[in-house]
Amino acid sequence: MQRKFLHTAAALAILLLFASACANYREPAQAAINEADTALQNIAADAQKYAPDQYRAVADQLESAKSTFAKGDYKAALAAARDLPGKVTELASTTTAAKDQAVAALKDEWNSLSGDIPQMVEAIQSRVDMLSKSRKLPKNIDQASFDAAKSGLESMKQDWTAATQASAAGNVEEAVARVKSAQQKGNEVLGLLKMQPPSPG
Amino acid sequence: MPDKDPPQAGSAGDNPYAQYYIVKKGDTLSKIALEYYGDPNLYPQIFDANRDILKDPNKIRVGQKLRIP
């Protein structure tokens, strides 16, 4: 009887020791996971865009730590999560550098394209105005093409307005996207009106 | 002594999209207006756009580079 009691007491003591050890890992593991989770969420949008592979690696490690924690293996969860904050910091640094580089490239593109569009609009508008005064369209332009050219010109102007507004608001990415759209529409309109594009160089 | 080059239309503010036409033998501003606009009566607009090189709408010279608005 006494032996059985001693065995039970020993088993309980071991269990308590194990539970205590687990509790020692639980708090720091949870803290490391929470810290990494919050930091990663703060940079997720830019990181996914500018450093997608590195973001995926960090996000996978975080998910793995969370999964291990959920299974109650706090020691392993802590081991998995311990270096996550540092990796998130590295990811943030890589993301910022890549974003700065991308924005600089977009600004160059904007500077190159933005001077072109007003001249394109001016030339096309001049031709549309002339054709609008004409009693009959020239042989090489039919009414459908002229109508498409007029609506293309209006759409181009809208893109240009949106592009300049986006640029003024500091949204270079949107500005470049809209100015490219304006340029593409302008080229289509030039073709519809049988106007010559600028000679290269 | 070689002929002087015919005068050329202005640069239209250096707009690379400005449209030009080189005058050929037998051309008139009316013919050019018909070709580009479908209406010969619009020739005065071509004349106005080239007043820097044209003094008379009835006098254009082969080789002249005219701006077509």
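This section describes a predicted model of two chains, A and B.

The confidence scores come before the structural detail. The model scores ipTM 0.85 and pTM 0.74. Chain A has a mean pLDDT of 91, with 88% of its residues at 70 or more. For chain B the mean pLDDT is 89, and 81% of the residues reach 70 or more. Confidence varies among the elements of chain A. Helix α1 of chain A (residues 2-50) has the lowest mean pLDDT, 77. Helix α6 of chain A (residues 143-168) has the highest, 98. Where pLDDT is low, predicted coordinates should not be read in detail.

Chain A contains 7 helices and 0 strands. Its pattern along the sequence is therefore α-α-α-α-α-α-α, given that helices and strands are DSSP runs numbered from the N terminus. Of the 201 residues in chain A, 25% are buried. Contacts in chain A were also sorted by sequence separation. Among those between residues at least 6 apart, 74% join residues at least 24 apart.

Chain B has another make-up, with 2 helices and 2 strands. From the N terminus, its elements run β-α-α-β. Chain B has 69 residues, and buried residues make up 30% of them. For contacts in chain B with a separation of 6 or more, 60% come from residues 24 or more positions apart.

Two helices of chain A were checked for length. Helix α4 of chain A (residues 84-114) has 31 residues. The distance from its first C-alpha to its last is 43 Å, close to the 45 Å expected at 1.5 Å a residue. Buried positions in α4(A) are Leu84(A), Val88(A), Leu91(A) and Thr95(A). Helix α5 of chain A (residues 116-133) has 18 residues, which should span 26 Å at 1.5 Å a residue. The end C-alpha atoms of α5(A) are 26 Å apart, so the span agrees with the expected value.

Helix α5(A) has buried residues at Ile117(A), Met120(A), Ala123(A), Ile124(A), Ser126(A), Arg127(A), Met130(A) and Leu131(A). Within chain A, the buried residues of α5(A) pack against α4, α6 and α7 (172-192). They also pack against α1 and α2 (43-49) of chain B. The packing of α5(A) thus involves elements of both chains.

The nonpolar cores come next. In soluble globular proteins, nonpolar side chains tend to be buried together. The largest nonpolar core in this model has 22 residues. Those with the most contacts inside this core are Ala29(A), Ile33(A), Ala36(A), Ala65(A), Ala77(A), Ala81(A) and Leu84(A). Four elements of chain A give two or more residues to this core: α1, α2 (52-70), α3 (74-81) and α4. The most come from α1(A), with 8 residues. Apart from this core lies another, of 20 residues. Its members include Trp160(A), Ala163(A), Val176(A) and Leu190(A).

Leu84(A) was examined in more detail. This residue sits in helix α4 of chain A. Leu84(A) counts as buried because 21 other C-beta atoms lie within 10 Å, and the cut-off is 20 or more. With neighbours within four places in sequence left aside, Leu84(A) is in contact with Ala32(A), Ala36(A), Val58(A), Gln61(A), Leu62(A) and Ala65(A). Of these contact partners, Ala36(A) and Ala65(A) are also listed among the residues with the most contacts inside the 22-residue core. A longer reference distance links Leu84(A) to Gly115(A), 31 residues away along the chain. Their C-alpha atoms are separated by 46 Å.

The interface between the chains was then considered. In it, 13 residues of chain B are in contact with 16 residues of chain A. On the side of chain B that touches chain A, helix α1 of chain B (residues 29-37) gives the most, with 3 residues. By class, this side has 7 nonpolar, 4 polar and 2 charged residues.

One loop position of chain B completes the account. Ile53(B) lies in the loop between α2 and β2 (65-67) of chain B. Ile53(B) is classed as partly exposed because 16 other C-beta atoms lie within 10 Å, short of the 20 needed for a buried residue. In sequence, Ile53(B) and Asp39(B) are 14 residues apart. In space, their C-alpha atoms are 23 Å apart.

Methods
Residues are numbered from 1 along each chain as its sequence is written. Chains are lettered from A and ligands numbered from 1 in the order in which they are written. This is a predicted model: local features need pLDDT of at least 70, side-chain atom pairs count only at pLDDT 80 or more; totals for chains, interfaces and linings use all residues. pLDDT is the predictor's confidence in each residue, from 0 to 100. Two residues are in contact if their C-beta atoms, placed from the backbone, lie within 7 Å. Ala, Val, Leu, Ile, Met, Phe, Trp, Tyr, Cys and Pro count as nonpolar, Asp, Glu, Lys and Arg as charged, and the others, Gly among them, as polar. The expected span of a helix is 1.5 Å times one less than its number of residues. A residue is buried if 20 or more other C-beta atoms lie within 10 Å of its own, exposed if 12 or fewer, and partly exposed in between; C-beta atoms are placed from the backbone. A nonpolar core is a set of buried Ala, Val, Leu, Ile, Met, Phe, Trp, Tyr and Cys residues joined through C-beta atoms within 7 Å.
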